[in-house]
Each structure stands twice: as C-alpha cells, then as structure tokens.
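Me: I would like a close look at a single part of this predicted model, namely its sheet and whatever packs against it. Please take me through it in connected prose, and then place it within the rest of the chain.

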Amino acid sequence: MKLSDLAGEMSKPIHFIDRLVSPQLILELLNVAVWAPNDGLREPWRFIFADNRTGQILQGLQEPAPAYLLIVMREEADHHKQEEDFAAVSCLIQNFRLLAHERDLGVRWTLHEWMYDRSHAESFGVQGNERIAAVLEMGYNVSFSEERTEVQEFKLRFELL
C-alpha cells in the first residue's frame, strides 16, 4: 500500500473489538514515532497509558476503547517554543497513527474540554508545568469485508503569490 492510499483508509470509522492492547506494543510504536521534527531536540512529550484494566478513570470522559494514551507536553513560557512543541507533538501523533495502522491498531485522536481542567489533569499525574495535548483512543479494529469505496477528493484552497 502506498502512503497516499492511507488517507482514505485511516479516515474510516473505527469500531473496536474486545481485545487487549499490549503496553509493550505501544512502547514499541512510540520509540519510532518520537522521530518527529522538533526544534532543538526538546522532545517535550510524555505518555500515560491506560487500558480496560486501569482506564476506569476515563469512563464518562472518553468514548469506550480498549486502551488510551494521554499525550502530555511541557508548557513553555516562550509562546514561540510552545507552538513549535505542539507542532512536534502533532507530528509524533501522526507518526504513531501510521505505525499503529501497520499493526491493525485503530487510533482515534481526541481533544475534549475536560483536558484543560487542572483537577482532571492532576488526577492522571500531569504536573503543574505540563498539559494534556491529546488523548488517543486505541484498539484493534473490526475488519470489514466491504469493497473498497472511492475516497472523496476535497478541494483545497491553493493560491500562488
């Protein structure tokens, strides 16, 4: 499969099956995903894993999933560095999603209001100089035997100066 084919494949709805997600697999994928572009090699991220055995604290906050990965990033006083760091975290997440797809692991990238509540963040072990950048809902995806559907082409706004 070509990388360009993945856009439509990865945008399909994810329907998780009841199968545990190995923390070792997540660590393996993260060890590759961290090769995201980051100015000054700051690596501003930290990861908190929860699965069905330990993820009850996420009930009511997230959609049900076999596993969750909280992506935590350091907060920077310098606004420019903060923006660069969030961009790097976003690249890391996309790397992770691509790698997970290779292993038949579905990943939903989520942002919710509760993530900005310090009391919720602290309950997950997020420090005062950190924030939750995203929560990834993860699990093995139901395999569909449907025929492949055409991916809708979006019209991009592209202008030349």
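Reply: The sheet in this predicted model is an open one of four strands, arranged in the order β1-β2-β4-β3 with antiparallel pairing. Its edges are formed by β1, residues 45-51, and β3, residues 105-110, each of which pairs on one side only. From one strand to the next, the twist averages 25°. Strands of a sheet pair through backbone hydrogen bonds, and the pairing may be parallel or antiparallel.

At the β1 edge, the antiparallel partner is β2, which spans residues 67-74 and is joined to β1 by seven bridges. Within this pairing, Arg46 stands opposite Val72 of β2. Helix α3, residues 79-102, packs on the sheet and touches β1, β2, β3 and also β4, residues 130-140, while the direction of the helix makes about 155° with that of β3.

To place these elements along the sequence, the chain has four helices and four strands, and they follow one another in the pattern α-α-β-β-α-β-α-β. Among contacts between residues at least 6 apart in sequence, 75% join residues that are at least 24 apart.

The packing around the sheet can be followed through the nonpolar cores. The largest of them has 26 residues, and those with the most contacts inside it are Ile26, Leu69, Phe96, Leu105, Leu136 and Met138. At least two residues of this core come from each of α2 (23-33), β2, α3, β3 and β4, and α3 gives the most, with seven residues. Phe96 offers a detailed view of this packing: leaving aside residues up to four places away in sequence, Phe96 touches Ile26, Leu29, Leu30, Ala33, Leu69, Val107, Leu136 and Met138.

A second core, separate from the one just described, has 17 residues, including Trp114, Met115, Ala121 and Phe124. Two of these residues also form an aromatic pair, and the count of such pairs comes to one. A pair of aromatic rings is described by the distance between the centres and the angle between the planes. For Trp114 and Phe124 the ring centres are 5.4 Å apart and the planes stand at 50°, so the pair is tilted. Trp114 lies in the loop between β3 and α4 (118-123), whereas Phe124 lies in the loop between α4 and β4, the two being 10 residues apart. Trp114 counts as buried because its relative accessibility is 9%, under the 20% cut-off, and Phe124, at 12%, counts as buried by that cut-off as well.

The helix that packs on the sheet also has a residue with some exposure. Gln94 is placed in helix α3, and with a relative accessibility of 31% Gln94 counts as partly exposed. The C-alpha atoms of Gln94 and Ala36 are 9.1 Å apart in space, although 58 residues separate the two in sequence.

The loops that lead into and between the strands deserve attention too. Pro64 lies in the loop between β1 and β2 and is exposed, because its relative accessible area of 65% is over the 50% cut-off. Even so, Pro64 touches Phe16 and Arg108, when residues up to four places away in sequence are not counted. Between the C-alpha atoms of Pro64 and Phe16 the separation is 8.9 Å, with their positions 48 residues apart along the chain.

Two other loop residues are notable for their backbone angles. Glu43, in the loop between α2 and β1, has a phi near 40°, a positive value in a residue other than glycine, and at 44% relative accessibility Glu43 counts as partly exposed. Asp104, in the loop between α3 and β3, is not a glycine either, yet its phi is positive at about 65°; with a relative accessibility of 58%, Asp104 counts as exposed.

As for the chain as a whole, buried residues make up 39% of its 161 residues. The accessible surface comes to about 10,600 Å², and carbon and sulfur atoms account for 54% of that area.

Terms used. Residues numbered from 1 in each chain as written. Predicted model: local features only at pLDDT ≥ 70, side-chain atom pairs only at ≥ 80, totals over all residues. Heavy atoms only, no water. Pairing = 2+ DSSP bridges. Axes fitted to C-alpha atoms, helices over the stretch in contact; angles between N-to-C directions. Contact = heavy atoms within 4.5 Å. Buried < 20%, exposed > 50% of the residue type's maximum accessible area, 1.4 Å probe, protein only. Areas by Shrake-Rupley, 256 points an atom, 1.4 Å probe, with all protein chains shown as cover. Core = buried A, V, L, I, M, F, W, Y, C linked by side-chain atoms within 4.5 Å. Phe/Tyr/Trp six-rings, centres within 6.5 Å; stacked < 30°, edge-to-face > 60°.
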